[in-house]
Each structure stands twice: as structure tokens, then as C-alpha cells.
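Here is a quick walk through a protein model for someone who would rather be at the bench. Have a look at the sequence and the fold before reading on.

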Amino acid sequence: MGQYKKVKQAINRKFPEIDSNDNLKTAINLMAKANASVLAVKVNGELIGIVTVSDVMHGIANDYDLEHTKISTFMTECRIDGKSASGTLCIQLDEDQDAFSAIKVMYEGGINHLLVSGSGNEMLGIVSSLDLVKLIAAE
């Protein structure tokens with residue numbers, strides 16, 4: 001059941017993007033408008049990380065100023081080359097990885113969204129744990 005299904009079958013290839021200088025309110029509005037739980041964060045067109053609904057909830061719960069708190073202060077920094085600006089490794093998946101392995105990576109990392117790269121290490125999209133569960137369930 002689902003063990004031969006690949007991550008590429010569940011990738012969200014059209015995901016909303018936000019600039020790192022945009023504010024928390026912009027992120028909230030964009031997530032609501034796009035019905036999305038994750039946004040790709042870019043600077044000058046280059047992917048530098050993601051911001052998830054959990055990140056936004058953290059900001060709201062900690063009384064971050066919606067208008068003046070920049071995305072860059074609470075996003076998850078992660079570049080598709082596998083490194084963050086600080087040099088730490090980012091968890092990402094290859095599009096040909098099987099769905100079960102991907103779920104294990106997410107579970108062990110305590111995360112619900114991952115960047116997905118292709119053979120040339122290019123950013124293909126984002127996959128969520130729910131996307132993978134739906135893929136496995138679709139028999």
C-alpha cells in the first residue's frame with residue numbers, strides 16, 4: 001500500500017511566495033487567500049526558506065506586531081542547496097524518494113513541510129505530511 005509511490009506524485013508545484021521583508025500580516029493574508037499552510041520565502045527571486053502556519057501561530061501567540069514583524073525574523077531558513085546561511089543542513093527530499101521514507105523523515109524531524117528538489121538540485125515544490133498521507137491512501 002503506497003510504498004512504491006514517489007514524492008513527486010504529491011508535490012505542490014504551485015505554492016505561494018512571500019518576500020522576507022514582508023510582514024506577519026501579509027503572511028496571514030496570503031495563507032488565507034491561497035488556502036495554504038506554507039509559503040516559500042524568497043529574496044530577489046532566490047528561495048531562502050519557508051514560513052508555515054505553525055510559525056505564524058507562534059508569532060501571534062507571542063504577541064508579535066502584525067504590521068512590523070518581518071517574515072525573516074521567524075521563518076525557517078533553508079536553501080535548496082541543502083544549507084542555510086548559517087551553514088546548518090536543511091531537511092529536504094528528492095522527488096524520487098518513496099512516500100513512506102519521506103514520512104519517516106518528517107516524523108523524525110518533527111516537521112510537516114519539506115522542500116523537494118529534482119535531479120539538478122532545482123526547487124520543484126513543497127510537500128506536506130498531509131499530501132503524503134493522501135498519496136498513500138489513494139489506492
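What follows covers the model's confidence, its overall layout, two helix pairs and a handful of single residues.

## What you're looking at

This is a predicted model, in which local features need a pLDDT of at least 70 and side-chain atom pairs count only at pLDDT 80 or more, while totals for chains, interfaces and linings use all residues. Residues are numbered from 1 along each chain as its sequence is written, and side-chain values use heavy atoms, with hydrogens and water left out.

As for confidence, pLDDT is the predictor's own score for each residue, from 0 to 100. The protein averages 84, and 88% of the residues score at least 70. Of the elements, helix 1 (residues 24-34) has the highest mean pLDDT, at 95, and strand 4 (residues 76-77) has the lowest, at 82. Where pLDDT is low, the predicted coordinates should not be read in detail.

## Overall layout

The protein has 4 helices and 7 strands. These are DSSP runs numbered from the N terminus, with helices being H or I of at least four residues and strands being E of at least two. Reading from the N terminus, the order is β-α-β-β-α-β-β-α-β-β-α.

Of the 139 residues in the protein, 40% are buried. Here, buried means under 20% relative accessible area, exposed means over 50%, and partly exposed is in between (1.4 Å probe, protein chains only). Contact means heavy atoms within 4.5 Å. Among contacts with a separation of 6 or more, residues 24 or more positions apart account for 56%.

## Helix 3 against helix 4

Two packed helices are described by the angle between their axes and the distance between the axes. The axes are lines fitted to C-alpha atoms, for helices over the stretch in contact, and the angles run from 0 to 180 degrees between N-to-C directions. Helix 3 (residues 99-109) and helix 4 (residues 129-137) pack at about 150°, with axes 10 Å apart. That makes the two helices roughly antiparallel; the cut-offs are under 35 degrees for roughly parallel, over 145 for roughly antiparallel, 65 to 115 for roughly perpendicular, and oblique for the rest.

The crossing of helix 3 with helix 4 is left-handed, as it is called if the near helix is turned anticlockwise from the far one by less than a right angle (clockwise would be right-handed). On the helix 3 side you'll find A99, F100, A102, I103 and M106, and they meet S129, L132, V133, L135 and I136 of helix 4. These contact residues divide into 9 nonpolar, 1 polar and no charged. In this scheme Ala, Val, Leu, Ile, Met, Phe, Trp, Tyr, Cys and Pro count as nonpolar, Asp, Glu, Lys and Arg as charged, and the others, Gly among them, as polar.

## Helix 1 against helix 2

How are helix 1 and helix 2 arranged? They pack at an angle of about 135°, with their axes 11 Å apart, and are therefore oblique to each other. Their crossing is left-handed. L24, A27, I28 and M31 of helix 1 make the contact with V53, V56, G59 and I60 of helix 2. The split here is 7 nonpolar, 1 polar and no charged.

## Two positive phi values

Most residues other than glycine have a negative phi. N35 has a positive one, near 50°. N35 is in the loop between helix 1 and strand 2 (38-43) and counts as exposed, at 73% relative accessibility.

D63 also has a positive phi, near 60°. You'll find D63 in the loop between helix 2 (53-61) and strand 4, where D63 is exposed with a relative accessible area of 68%.

## Three residues to click on

Is E95 buried or exposed? At 16% relative accessibility, E95 counts as buried. It sits in the loop between strand 5 (92-94) and helix 3. Leaving out residues up to four places away in sequence, E95 touches K6, V7, K8, I11, R13, V116, S117, G118, S119 and L124.

E67, in the loop between helix 2 and strand 4, is partly exposed at 42%. Beyond its neighbours within four places in sequence, E67 contacts N23 and K25. The C-alpha atoms of E67 and L24 are 6.5 Å apart, with the two positions 43 residues apart along the chain. L30 in helix 1 is partly exposed at 22% and, by the same sequence cut-off of four places, touches P16, E17, I18 and L39.
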